[in-house]
Amino acid sequence: MSDRPFLEFERPIFELEQKISDMKDFAVGENIELSGEIVSLEKKLEKLREKTYSNLTRWQKVQLSRHPKRPYTLDYIKLMTTGFIELHGDRFFADDKAMVGGFAWLDDEPVMIVGQQKGRDTKQKVIRNFGMAHPEGYRKALRLFQLAEKFQVPIVVLVDTPGAFPGIGAEERGQAEAIAYNIREMSRLRVPIVVVIIGEGASGGALGVGVGDRIMILEYAWYSVISPEGCAAILWRDAAKAPEAAEALRPTSDDLIKLKIVDSIIPEPSRGAHCDPEAAAKLVKKAIQETLQELSLKSTDELLLDRLKKYRHIGVFQD
Amino acid sequence: MAWFRKSKEGLPTQEKRNIPEGIWTKCDSCGEVVYGKKMEELLWVCPNCDFHFRIPTQKYIDLLLDDGQLEEYDIEISSLDPLKFKDSKKYPDRIKAAQQKTGKTEGVIAGMATMGGIEISFAIMNFQFIGGSMGSVVGEKIARAIERAIEKEVPLIIVSSSGGARMQEGILSLMQMAKTSALLAILHEKKIPYISILTNPTTAGVMASYASLGDVILVEPKALLGFAGPRVIQQTIGQDLPDGFQSSEFFMDKGFVDKIVNRKDLRDTVIALLRFMWSK
Ligand SMILES: [Zn+2]
């Protein structure tokens, strides 16, 4: 992925912004009156932005979910919570830095907050393994979930992963078992679980921390059985067909509401969470707090029964 | 998710030209050529290298269950096309082709049976049906098999073979992992035994859900198991994979399966285990 500050489909917008900025500099430098031209270009820019962002294809939304400036899990934790105490390690093998978590306060409510973490620069990307956890990451997450359950602290999960890591060590240490076990155990944790897909929700790597009472998704995030590239490589035998695969998989927030997989969409600031991370975090925080409030009205038995029913009824078939 | 070797019922295409079908069979693993009738007797296990050929689901039913008898449930349940999915083929056309090929409506056969006189809820996946991929129907039939085990209070036996979740149903397929695993949590709480039998191959979404959640996990020799496909891993890490990587033997060595069991011993092993785990 390139480090340029815009996505390919944003190029015309970026170029127009540059032009306006240059013109402003020129006007000031040369002391020339250009405000008329600038105003008209700014109007044009606004229209172009609106047109672009109101007609995003599924593939463009997937690209937005991977925007190099998009807020990541620790950004949301920093912006939404206070008193975060990060807790490390799975007590078996290692501390997986692609999965982070710990206690934090959402205003005056304690939560256990856990999620995949991506890296911003090259060095961090490697340390965070691009947000792709190993089995020890899933086992760390479950340890923290069980800690939360023991002390009756609600769980918040922020999902952002291109998938669980496919590697030799991951297989040796039981990637499949770690994910399967997490899914089973999460379905029975006796505390409320709110899951927010904040960026990428790819496959078992997302679901391995993604079982909950309420599943919410950011407007430009996606969630599916496989990444568009992975799907394209298998079904089209060409990873470059990812845009077609993205259309076919229906992985966007709008799709997931229609398929009744997510409970709600959290709107993003205009043109995406990366344009205003503070505002995005406020919206996410508000949605989490409202949801936790609603879930707190249920008894634990009711919570678990509803959680089971929620998953029991997923599937479309003819009987 | 769905990755698998070319399906081969019997012989690789290349060999069909040289050897009359059904008479001689060449082992995929060691190349040994064996007389077909002999292979039938050997339950399609290579006498030279112990490679277990993929066999039809009906053969497992015959092999495992008392008198080969299965009272089948949910026969009519079949797939729809909720995503209107199309790649090189339309999804409904893929289903139709799989139905014609297998004579079955979907990729799981499930029902009630007995093993050694013990009543069980049984399900078996069919790799011939779109690579044993798990969509809504496969998930639902497995879910109902688990529910029958819970309601009737009988042990659950699932024979898996799968390339993973069915991409053509997108997120709905992924959620079948949660549906089945959540029900297995209930089965687990009720202390009802679940024996998971893995056959070649069991991978991805199925391996990362019910296949890995057995109280006891049995596996046939030399099966391909794992979360990610070998090709994906190879591409990701950019190096060759060690010999025997992701085989049954590899996973037993790493501690993720209980026992490697030759096909001819599967039935007796399951019954012996049930006698320890289920005295009702
Ligand atoms: Zn052989």
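Me: Before I look at how the two chains meet, what does it take for two residues to be in contact?

Reply: Two residues are in contact if their C-beta atoms, placed from the backbone, lie within 7 Å. Keep in mind that this is a predicted model. With that cut-off, 45 residues of chain A are in contact with 50 residues of chain B.

Me: Which elements of chain A supply at least two residues each to the side that touches chain B?

Reply: The contributors include helix H7 (168-172), helix H8 (175-186), helix H10 (228-236) and helix H14 (300-312) of chain A, and strands take part as well, among them strand E7 (222-224) and strand E9 (317-318) of chain A. The element that gives the most to this side is H8(A), with 7 residues. By residue class, the side of chain A that touches chain B divides into 28 nonpolar, 9 polar and 8 charged residues.

Me: Which strand of chain B pairs with E9(A), and in what sense?

Reply: The partner of E9(A) is strand E4 (residues 78-79) of chain B, and the two pair in the antiparallel sense over 2 bridges. To find the place in the structure, look for A:Phe317, which stands opposite B:Ser79 in E4(B).

Me: Turning to chain A by itself, how many helices and strands should I expect to find?

Reply: Chain A has 14 helices and 9 strands. Its radius of gyration is 21 Å, close to the 20 Å that the globule rule gives for 319 residues, so chain A is as compact as a globular protein of that length. Taken along the principal axes, the C-alpha atoms of chain A fill a box of roughly 70 × 50 × 45 Å. Of the 319 residues of chain A, 48% count as buried, and among contacts between residues at least 6 apart in sequence, 71% join residues at least 24 apart.

Me: Where does the domain assignment place the domains of chain A?

Reply: The assignment gives domain 1 (8-55) and domain 2 (62-312) of chain A, and the C-alpha centres of these two domains lie 37 Å apart.

Me: How should I read E5(A), buried or exposed?

Reply: The general idea is to count neighbours, and a residue is buried if 20 or more other C-beta atoms lie within 10 Å of its own. By that count 10 of the 10 residues of E5(A) are buried, so the strand is largely enclosed by the rest of the structure.

Me: Which residues can I use to follow the pairing of E5(A) with E4(A), E6(A) and E7(A)?

Reply: E4(A) and E5(A) run parallel and are joined by 6 bridges, with A:Ile193 in E5(A) as the bridge partner of A:Ile155. E5(A) also runs parallel to strand E6 (residues 214-218) of chain A, through 4 bridges, and here A:Val195 has A:Ile215 in E6(A) as its bridge partner. The pairing of E5(A) with E7(A) is again parallel, over 3 bridges, and A:Ser224 in E7(A) is the bridge partner of A:Ala202.

Me: Parallel or antiparallel, how do E1(A), E2(A) and E3(A) run?

Reply: E1(A) and E2(A) run antiparallel and are joined by 3 bridges, with A:Glu86 opposite A:Gly102 in E2(A). E2(A) and E3(A) also run antiparallel, joined by 8 bridges, and A:Ala104 stands opposite A:Val111 in E3(A). The hairpin of E2(A) and E3(A) has 2 residues between the strands, where A:Asp107 takes a positive phi near 55°. A:Asp107 counts as exposed, because it has 9 C-beta neighbours inside 10 Å.

Me: What should I note about B:Asp74 in the other chain?

Reply: B:Asp74 has a positive phi of about 55° although it is not a glycine, and its place is in the loop between strand E3 (71-73) and E4 of chain B. B:Asp74 is buried, because 20 other C-beta atoms lie within 10 Å.

Me: Which residues of helix H4 (residues 73-80) of chain A are buried?

Reply: An α-helix has 3.6 residues a turn, so residues three or four places apart point the same way. In H4(A) the buried residues are A:Thr73, A:Asp75, A:Tyr76, A:Ile77 and A:Met80. The elements that these buried residues pack against include strand E1 (82-86), strand E5 (193-202) and helix H13 (277-295) of chain A.

Me: Where is the cis peptide bond in chain B?

Reply: The bond from B:Asn200 to B:Pro201 is cis, with omega near -10°, and B:Pro201 is found in strand E8 (residues 194-203) of chain B.

Conventions
Residues are numbered from 1 along each chain as its sequence is written. Chains are lettered from A and ligands numbered from 1 in the order in which they are written. This is a predicted model: local features need pLDDT of at least 70, side-chain atom pairs count only at pLDDT 80 or more; totals for chains, interfaces and linings use all residues. Ala, Val, Leu, Ile, Met, Phe, Trp, Tyr, Cys and Pro count as nonpolar, Asp, Glu, Lys and Arg as charged, and the others, Gly among them, as polar. Two strands pair if DSSP finds at least two bridges between them. Domain bounds come from an automatic or database domain assignment. A residue is buried if 20 or more other C-beta atoms lie within 10 Å of its own, exposed if 12 or fewer, and partly exposed in between; C-beta atoms are placed from the backbone. The radius of gyration is taken over C-alpha atoms; the globule rule is 2.2 Å times the number of residues to the power 0.38.
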